[in-house]
Amino acid sequence: MAQDFKIDFDAASAGIQALADLFDSGGTLTIYDDDSVGIPTNADDSLGAQVALVAITTPTPSFGTASNGEVAKSGSWSASVTTSGEPTFFRLVVGAYCFQGTVGLTASPLDFDMNFENVTWLAGGTVTLDTFTLNLPRE
Amino acid sequence: MSEKQEQQPGPEKEPSKKPAKMRTPKVSIRATGGYQPPPEPKE
């Protein structure tokens with residue numbers, strides 16, 4: 001018989017809530033321009049010449065309550081761009097924990113983990129996250 | 001009739017193919033945001 005592991009919504013919600021709770025005391029969301037050196041393969045890889053464009057201190061707590069395997073951000077996630085560039089990936093960090101994802105231009109359907117209508121950012125501009133949802137599917 | 005034929009194979013075929021490949025639950029993220037450019041300097 002083929003492998004066909006599944007979890008139910010309750011287990012999925014418990015799992016994703018545990019990850020979200022890591023950010024109960026807030027964290028830092030930094031959005032980078034990989035500046036042609038590439039996006040790190042893994043979330044625990046060291047950064048090289050990638051350029052941080054904006055750093056957002058996330059609220060306390062940063063996420064709400066999970067439901068159906070999903071948990072959304074809470075509060076306002078916004079900050080000013082400090083260095084001009086084109087965002088290509090982000091890291092959400094608290095202590096030793098790091099989540100990493102891709103950033104790009106909004107399309108339909110959405111192509112990236114984090115999607116913006118405009119990816120030509122200038123220093124002094126403002127970046128605001130409208131949605132930021134972690135998901136653990138039950139399948 | 002021709003409308004029915006166009007609707008059926010489209011959206012339903014793809015999802016039924018994917019579960020055939022074994023997937024383990026994986027955390028994903030979906031985020032959307034906005035960018036407001038800096039105000040233009042006034043002379």
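# A tour of chains A and B

Select A:Glu86 first: this residue sits in the loop between strand E4 (77-80) and E5 of chain A. Strands here are DSSP runs of E, at least two residues long, while helices are runs of H or I of at least four, and both are numbered from the N terminus. The model is predicted, so local features need pLDDT of at least 70 and side-chain atom pairs count only at pLDDT 80 or more, while totals for chains, interfaces and linings use all residues. Residues are numbered from 1 along each chain as its sequence is written, and chains are lettered from A and ligands numbered from 1 in the order in which they are written.

**Around A:Glu86**

Stay on A:Glu86. It counts as partly exposed because 16 C-beta neighbours lie inside 10 Å. The scale is this: 20 or more other C-beta atoms within 10 Å make a residue buried, 12 or fewer make it exposed, and anything in between is partly exposed, with C-beta atoms placed from the backbone. Now show the contacts of A:Glu86, leaving aside neighbours within four places in sequence: A:Asp33, A:Val119, A:Thr120 and A:Trp121. Contact means that two C-beta atoms, placed from the backbone, lie within 7 Å. Add A:Val51, which is 35 residues from A:Glu86 along the chain, with 9.5 Å between their C-alpha atoms.

**A second loop**

Go to A:Asn42, in the loop between strand E1 (28-33) and strand E2 (51-57) of chain A. A:Asn42 is exposed because it has 7 other C-beta atoms within 10 Å. Draw a C-alpha to C-alpha distance to A:Tyr32: the two are 10 residues apart in sequence and 15 Å apart in space.

**Strand E1 and its partners**

Select E1(A) and E2(A). They run antiparallel, joined by 6 bridges. Strands pair when DSSP finds at least two bridges between them. Add strand E5 (residues 89-94): E1(A) pairs with this strand in the antiparallel sense too, over 5 bridges. Centre on A:Leu29. Opposite it stand A:Ile56 in E2(A) and A:Leu92 in E5(A).

**The helix**

Select helix H1 (residues 9-21) of chain A. Its 13 residues reach 18 Å from first C-alpha to last, close to the 18 Å expected at 1.5 Å a residue, counting one residue less than the helix holds. Colour the buried residues of H1(A): A:Ala12, A:Ser13, A:Ile16 and A:Ala20. They share one side of H1(A), because they cover an arc of only 95° around the axis. That arc is taken over the directions from the helix axis to the C-beta atoms. Strand E3 (70-72) and E8 of chain A are among what covers these buried residues. Turn to the face away from the buried side to find the exposed residues A:Asp10 and A:Ala18.

**Chain A as a whole**

Zoom out. Chain A has 1 helix and 8 strands. From the N terminus, they run α-β-β-β-β-β-β-β-β. Along the principal axes, the C-alpha atoms fill a box of roughly 50 × 35 × 30 Å. Of the 139 residues, 32% count as buried.

**Across to chain B**

Show both chains. 16 residues of chain B are in contact with 35 residues of chain A. Next, select strand E8 (residues 126-135) of chain A with strand E1 (residues 28-36) of chain B. 9 bridges join these two strands, which run antiparallel. Finish on A:Leu129, whose bridge partner in E1(B) is B:Gly33.
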